[in-house]
Every structure is written in structure tokens, then in C-alpha cells.
Amino acid sequence: MGIYLNPGNDSFWEAVGSQIYVDKTGLIACTNELINTEQKYACVSRPRRFGKSMALKMLAAYYSCGCDSRELFAGRKIEKEKSFAKYLNKYDVILLNMQQFLIESKNQEITEYLEQEVLEELREEYGEYLAKQGIGLAAALRKIYIKTKKKFIFLIDEWDCVMRERQEMETMQRQYLDFLRNLLKDQVYVALAYMTGILPVKKYGQHSALNMFWEYSMTNQYIFEEYTGFTEDEVKELCQRFGMDFGKTSAWYDGYMFRKFRHVYNPRSVVAAMSFRDFSSYWTSTETYDALKIYMDMNFDGLRSGIVQMLGGVGVRVNTLSFQNDMHSFRTKDDVFTLLIHLGYLAYDLKKEEAFIPNKEIVREFENAMSTGGWEEVMSVLEASEKLLLDTLACNGEQVARGLDVAHREAASILAYNDENALSCAIGLAYYSARKDYRIVRELPTGHGFADVVFLPLPHTGKPALVVELKYGQSAKAAIQQIKDRRYPQVLEGYVGEILLVGINYDKNKAGKPHSCVIEKLEMHPTEG
């Protein structure tokens, strides 16, 4: 076993022996399907601390020759798959951590240093076929294949670190991409190339050197959805095991979604919360908020208003196809939002083609970024949201209307009122502080239509539920009547306790006091709903 060639299974033994280990070995069944096919090139991009390196440790332990991993995978999900025994410890694996090579190469070219290190191990194993000095890595692997017919599995971590950390060094980037293309593309010795990073590979200007890769990214993970983070069932099991509240865990760390798996949790944060028995910002604490603020403050039309809409709980439609897959070639707000999706600061609903802020942990990061200046109007609205919620819980409709008037004036420079959807966004922003005690659901199906906004109290908060109906250019009383006529409260099946019906109207013709609000109480008993 070596560092790069057949690294063995020691690292994965450490992972499965940890206090918290979630079985993601089903991923191996997916990669087994790709071996020696036209789909054998997979670039799986995810945000930092989303288990990319863990997946490579697992794949290395499973495929590497020179070790026996049968006991390691005993009882795991992959053991039940038909392909388990077929590929178990049957391949030469080359594991490359590009971040390591970038750091250690210093004044040397990263690719030159990489070849030097890997060739040294190859010569130890296959020296009889590599007598010629000065041979490159790709040529050496071809010679080994010709003599032995052995194919290799390439596992590449942090593939994009050169693009992220050497953003302006285009010559270095091109040389690096050419190296990877020559090493992997159309080479007979490649059985599988599984590459991970934060960014996809599709476009870097005109230099699409790695166009043989199939992309699995945060905009669409395809077959790897289940292995991108923790699923809802996995988190429920952890909450039960560690005595943690599942509702709070969801509010803090849920929010990422794909086609099939609509609730994907940040794995780093869930593990930390369970380990420390406390809810906090664990994932975002590994990087300063300046990293987010740089992109929030970019001068693209619609960028600031889009962020405000997402803070208000409304998704923003994003065209993810124009993104150049780097961290500096931005042309529109959509490019910035797409990067934030890949970085994990935004989630993406593929069905709606909308981006949104996924959870409380990320919301706090946006708050931190805004608090240092340039977002004073929005911060003023957020700071006033606690009083607005208290006035609502006190059924003081007049004070709520005044608070909404103030919030409208503060945010008017960024967010325009022009329809009920814009009003819904503004209301979400005005009730921002409610997130700590409520799960906010928009367009909740009721069987008789959709309730505009429903505030569902988190367990043990002692707060009433809120059913909010919004009208634009009508009346608050009409909003209340619609809630009653369409029996929206009945959708809260099983809910027992007080519900506040909140009708809000915005009339642009009433200068100074455009909002009106009516609030009524309703008591739900066990026999109702």
C-alpha cells in the first residue's frame, strides 16, 4: 500500500469507528455501475464539509488492491448489492488530493510535483515495466496496461482548488487542465475517474478540457442525491439516538433539495449538533462571513433585491446555465446566485428553478454579512421584526399595519410592491424574527386553495399558529373572510391550540398608511381538523 497508489482502508476504518457514522456505502453501488462504461468519468461537486473526502476514503477502501476490506463493509448497505464481491479490492487505485499537491509543490509546477510523487510509487510496484527514465505519468500507466492489462481507478479530491485559489493565473489553470485531460481522457487504463470539488467542470472560458466528465452538482446530483448530505430518515434516527429535537434540527440544518430527496441536511452541522447536544452555526464557523459578503455586494442589477426576497422567504428564479464555473467570471446576478448554490449558501429547487436560503444556519451567515455595512435599510426591518411579531400575537392589528408601513418605507429602495407575491416577500421579511420559533410554509395546500403563509410553531415554544392571507388592493377583512370560507385552518390536522387568522391588505393609493390588518383568534380542539 502507498500514499497515492492503493492507499488501503485505514482512513475508512477511522471513519466507521467514529461516534457518529452514517452508512453511505450505497454510493459504491452507483460507482460500480459506471466502471468501464462511457459514463466512467464522474465529477461530483458539493460545498465544503459535505462529505467529499469521506466518500473518497470509502471508495479507496473498497476498490484498493493489497488489502482485505470484507470485514470493514460487513453489515453495511453495499454488502447486500449484487456487485459487492465483483469489485471488492480488485483494482489499482490512484488517490490524488490536489490541495495537498498545490501546497507542497511550492515553486515547482503542481503537475510536475504530482507526477514525481506518483511515479515513485508506481516504480516500486511496476518498476520492471518502467525502465525508461523521464517518462510521464500517462505514458507510464499506458505501459503498465499494455504489459499487465490492469486498469486503474482514479479518485481525485479538491480537483478545482487551482481554479479557486489561483483565480487569476489562467496559464497555470490551462496547464493543469491539459494535464488532467491527457491523464484521463480516452486512456485505455482508466476504469473509473471519480473527481470531487466545489465547482463543476463544464466551462472555463473556451478551454473545456474536461468535457468527458459527467457532472453531478448542487443544481442536479442525479444518482448521487442520497449521498450528498444526510437524508431526513437518517437525521430522525440520529435525533432519537442523541435525544435532540427533530423540528429544531430541521430548522437549523435542512433545506437542500433535489428531484427525489426533498430534504437534505448539512452533514457537518448535524454531526456537530448531535455531538455537542447544542444547535449552533457549525458549518459557517469554518469560514469568515467575508467570503459571502464579497458576492452579496457585487453590482449586478437585481442581485440585492433577489437576496432581500430570499431573506423574506421567497424563492428567486435563477438561470444556472450561464455560469462559467469559476469564481470571477460573473456577467449577471444569476451567475452570482449559481456560485452561491455551489458554495452551499443557497439551495436550489430544480423543479421550480429557484434559489432560496435553506436554513437558520445560513440565514445567520447572511445576517453577519449584512451587519458590516451597506444593508442598513434591510437590517432596520429585521431588527423591527420582533416587535411586529409581538404585536401580532397580541392581536393588535393597527400596530401591525403601522409596523408594515415602516418596513415598507425602509425596504422600498430595494424591494418594490407590485403584486401579492412581492407583498408576500415583504411580509416574510417583516416577520423575519419569527423564524426562531416557527416553521414558515408558503402556499400551503388546504384542499380549498392555498394559504399564503402559515407559521407553524416549533415544539415547546408555546406560541399559537398563524394563518396569514394577503391581499393587494382589496381589504384585510376580505382576506380574513377567505381564510374562513376556504377553511384554511383545517389543514393543520392534529394541531391543538390557538390559531391566529391574520388578514393583511396593501393599498398603494393610501399614501402614508397603505397597509391594513385584521387579526382574529380561533381555538382548535382535539375533535376538530
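**Exercise 1. Work out how many aromatic pairs this predicted model holds, and what geometry the F50–W283 pair has.**

Start with the count: the model comes to 25 aromatic pairs. Now take the rings of F50 and W283, whose centres are 6.4 Å apart. That passes the cut-off, since ring centres must lie within 6.5 Å. Next, check the planes: they stand at 85 degrees, so the pair is edge-to-face.

**Exercise 2. Find where F50 and W283 sit along the chain, and decide whether each is buried or exposed.**

First, locate them. F50 is in the loop between β1 (41-45) and α3 (52-63), while W283 is in the loop between α12 (267-276) and α13 (290-296). The two are 233 residues apart, and their pair links distant parts of the chain.

Then look at accessibility, remembering that buried means under 20% relative accessible area. F50 has 1%, so buried it is. W283 comes out at 0%, so it counts as buried too.

**Exercise 3. Which arginines lie over tryptophan rings?**

Go back to W283: R48 lies over its face, 4.4 Å from the ring centre. A further case is W375, where the charged end of R304 sits over the ring at 4.0 Å from the centre.

**Exercise 4. Describe how α6 and α9 meet.**

Take the axes to begin with. Helix α6 (residues 110-126) and helix α9 (residues 170-184) have axes that come within 9 Å and cross at roughly 35 degrees.

Now list who touches whom. From α6 come I110, T111, L114 and E115; from α9 come M172, Q175, Y176 and F179. Sort that contact by class and you get 5 nonpolar, 2 polar and 1 charged residues.

**Exercise 5. Which residues of helix α20 are buried, and why can you say they line one face?**

Pick out the buried ones in α20 (residues 476-485): A476, A479, I480, Q482 and I483. Look down the axis of α20, and these buried residues fall within an arc of 160 degrees, so they line one face of the helix. The spacing idea helps here: an α-helix has 3.6 residues a turn, so residues three or four places apart point the same way.

Flip to the face turned away from the buried side of α20, and you'll find the exposed residues K477 and D485. As for what covers the buried residues, the cover includes β13 (465-472), β14 (497-506) and β15 (515-524).

Last step: see what comes after the helix. α20 is followed by R487, which has a positive phi near 50 degrees.

Definitions and conventions:
Residues are numbered from 1 along each chain as its sequence is written. This is a predicted model: local features need pLDDT of at least 70, side-chain atom pairs count only at pLDDT 80 or more; totals for chains, interfaces and linings use all residues. Side-chain values use heavy atoms; hydrogens and water are left out. Rings of Phe, Tyr and Trp (its six-membered ring) pair if their centres lie within 6.5 Å; planes under 30 degrees apart count as stacked, over 60 as edge-to-face and the rest as tilted. Helices (H or I, at least four residues) and strands (E, at least two) are DSSP runs, numbered from the N terminus. Buried means under 20% relative accessible area, exposed over 50%, partly exposed in between (1.4 Å probe, protein chains only). A charge sits over a ring if NZ of Lys or CZ of Arg is within 6 Å of the ring centre and within 35 degrees of the ring normal. Axes are lines fitted to C-alpha atoms, for helices over the stretch in contact, and angles run from 0 to 180 degrees between N-to-C directions. Contact means heavy atoms within 4.5 Å. Ala, Val, Leu, Ile, Met, Phe, Trp, Tyr, Cys and Pro count as nonpolar, Asp, Glu, Lys and Arg as charged, and the others, Gly among them, as polar. The arc is that of the directions from the helix axis to the C-beta atoms.
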